[in-house]
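Reader: Hi! Could you give me a close look at one part of this structure, the surface beside the DNA, and then show me what lies around it? I work at the bench, so please explain your terms as you go.

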2 protein chains.
Amino acid sequence: MTETLDPTDWAILVEVQRDGRVPLTELGRRVNLSASATTERVKRLESAGIISGYRADVDLTRVGYAVLAVVRLKYPGNKHEPLRKLLADRFEILECLRTTGDDCYTLKVAAGSMAHLEQLVNELTEFGSTTTNLVYSQTQPYRGPQGPPAEL
Amino acid sequence: MTETLDPTDWAILVEVQRDGRVPLTELGRRVNLSASATTERVKRLESAGIISGYRADVDLTRVGYAVLAVVRLKYPGNKHEPLRKLLADRFEILECLRTTGDDCYTLKVAAGSMAHLEQLVNELTEFGSTTTNLVYSQTQPYRGPQGPPAEL
DNA sequence: CTGTTCAGCCGTGGATCTACCGGTAGATTG
DNA sequence: CAATCTACCGGTAGATCCACGGCTGAACAG
């Protein structure tokens with residue numbers, strides 16, 4: 001459990017989060033390690049589940065999703081299966097966080113138009129009351145951890 | 001602008017979002033295309049900005065970030081530079097969405113402990129009133145578009 | 001001190017992948 | 001019809017991946 005990550009591991013993590021397709025030889029060059037040592041470390045990070053996968057980042061607006069919204073869902077019941085099913089079916093729901101507080105779920109939703117968003121929110125309103133906020137802009141598409149957490 | 005994506009392009013996007021490190025030859029096999037044709041399409045998607053990058057997914061809990069939270073920030077002023085600076089400095093702020101509604105910003109924040117989160121929220125409270133919700137769980141780490149948006 | 005163990009690193013060589021080339025079929029245009 | 005364009009294919013040289021064995025230094029027991 002207590003996998004201690006040394007500075008080289010963190011350097012690798014920073015690099016692969018920035019460029020997930022960097023060849024292992026080039027990665028080794030950047031962190032001052034041979035290709036084989038780099039390969040071993042990356043494989044260790046992968047099989048330990050620290051690197052859980054690699055993914056391409058797709059620009060939503062350029063593929064037709066002009067509208068991004070944050071929808072908070074106040075969900076009175078505790079029948080979670082129908083909601084899980086909706087999440088599995090509707091790929092427009094990019095992310096779903098279950099949280100503390102009045103709004104049990106916080107969703108990130110992409111839609112092609114306001115009409116499309118309206119339809120999605122209608123489906124969600126089946127489950128409870130919703131609060132929707134449109135997204136003007138997001139600073140970074142995503143950003144991962146760059147080092148160990150501050151110790152307090 | 002109106003880059004029309006055919007079903008093969010979408011198949012490629014789905015695959016590289018699921019496995020960003022798949023070799024182009026294997027990717028071609030999966031979408032029934034030769035390696036060179038696949039390479040051309042991927043490069044076109046990249047240079048058109050549709051694929052904006054590749055990144056490794058790091059499991060936050062396994063690298064010491066035990067706490068995930070959604071912080072909404074009500075930001076009365078319109079001096080945005082100091083906030084931008086904080087975002088650039090604090091890598092614990094994973095995502096920052098500027099939205100409509102009372103809460104101008106919605107942030108996703110990772111912390112190593114409640115004390116660490118408290119400190120981060122204190123820094124944010126310099127800018128305005130905050131609402132913090134802890135995250136119990138998230139369905140998928142992330143999910144991108146799997147096809148064109150519904151037409152309405 | 002000496003020998004053992006082990007983790008981490010390196011270099012090597014065969015298999016695989018990438019980048020680039022020319023060639024072809026079908027659609028479009030003049 | 002000829003010219004052109006797009007998307008595809010196959011082939012090849014060079015780069016990369018991957019599994020292997022050897023090397024080194026630290027930790028440790030005798």
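**The surface beside the DNA**

Author: Happy to. Around DNA strand D there are 13 residues, and P23(A), L24(A), S34(B), S36(B) and A37(B) come nearest; a residue is near a strand if its C-beta atom, placed from the backbone, lies within 6 Å of it. The elements that each give two or more residues to this surface are α2 (24-30) and α3 (35-47) of chain A, together with α3 (35-47) of chain B. Helices here are DSSP runs of H or I with at least four residues, strands are E runs of at least two, and both are numbered from the N terminus.

A word on what you are looking at: this is a predicted model, in which local features need pLDDT of at least 70 and side-chain atom pairs count only at pLDDT 80 or more, while totals for chains, interfaces and linings use all residues. Residues are numbered from 1 along each chain as its sequence is written, and chains are lettered from A and ligands numbered from 1 in the order in which they are written.

By class, the surface near DNA strand D holds five nonpolar, six polar and two charged residues. Ala, Val, Leu, Ile, Met, Phe, Trp, Tyr, Cys and Pro count as nonpolar, Asp, Glu, Lys and Arg as charged, and the others, Gly among them, as polar.

Now turn to the other strand. DNA strand C is surrounded by 14 residues, the closest being S34(A), S36(A), A37(A), P23(B) and L24(B). Two or more residues apiece come from α3 of chain A and from α2 (24-30) and α3 of chain B. The biggest giver is α3(A), with four residues. The class count near DNA strand C is five nonpolar, six polar and three charged.

Between these helices sits an asparagine worth a look. N32(A) belongs to the loop between α2 and α3 of chain A, and its phi is positive, about 60°, although the residue is not a glycine. Most residues other than glycine have a negative phi. N32(A) is exposed because just 10 other C-beta atoms lie within 10 Å; the cut-offs are 20 or more such atoms within 10 Å for buried, 12 or fewer for exposed and anything in between for partly exposed, with C-beta atoms placed from the backbone. In chain B, N32(B) is found in the loop between α2 and α3, also has a positive phi of about 60°, and counts as exposed with 10 other C-beta atoms within 10 Å.

The UniProt record, an unreviewed entry, places a "domain: HTH asnC-type" at residues 5-66 of chain A; such positions follow the numbering used here, feature names are shortened, and annotations may be inferred rather than shown by experiment. That span is 52% helix and 13% strand, with its end C-alpha atoms 40 Å apart.

How do the two chains relate? Chain A superposes on chain B through a rotation of 180° with 0.0 Å of shift along the axis, at an RMSD of 0.0 Å; the fit is by least squares on C-alpha atoms of residues with pLDDT of at least 70 in both copies. This is therefore the relation of a two-fold axis. Both copies use the same surface, as 97% of the contact residues of chain A recur in chain B, where contact means C-beta atoms, placed from the backbone, within 7 Å.

The contact takes 62 residues from chain A and 61 residues from chain B. On the chain A side, α1 (7-18), β1 (51-58), β3 (93-99), β4 (105-111), α5 (114-125) and β5 (129-138) each give two or more residues. The largest share, eight residues, comes from β1(A). By class, that side has 31 nonpolar, 20 polar and eleven charged residues.

The largest nonpolar core has 64 residues, and V109(A) and V109(B) have the most contacts inside it; a core is a set of buried Ala, Val, Leu, Ile, Met, Phe, Trp, Tyr and Cys residues joined through C-beta atoms within 7 Å. Leaving out residues up to four places away in sequence, V109(A) touches A69(A), V71(A), E92(A), I93(A), L94(A), L117(A) and L120(A).

Finally, look at α1 of chain B (residues 7-18), where W10(B) lies. W10(B) is partly exposed, with 16 other C-beta atoms within 10 Å. Not counting residues up to four places away in sequence, W10(B) touches L5(B) and G147(B). The C-alpha atoms of W10(B) and P148(B) are 8.1 Å apart, although 138 residues separate them along the chain.

Notes: Two residues are in contact if their C-beta atoms, placed from the backbone, lie within 7 Å.
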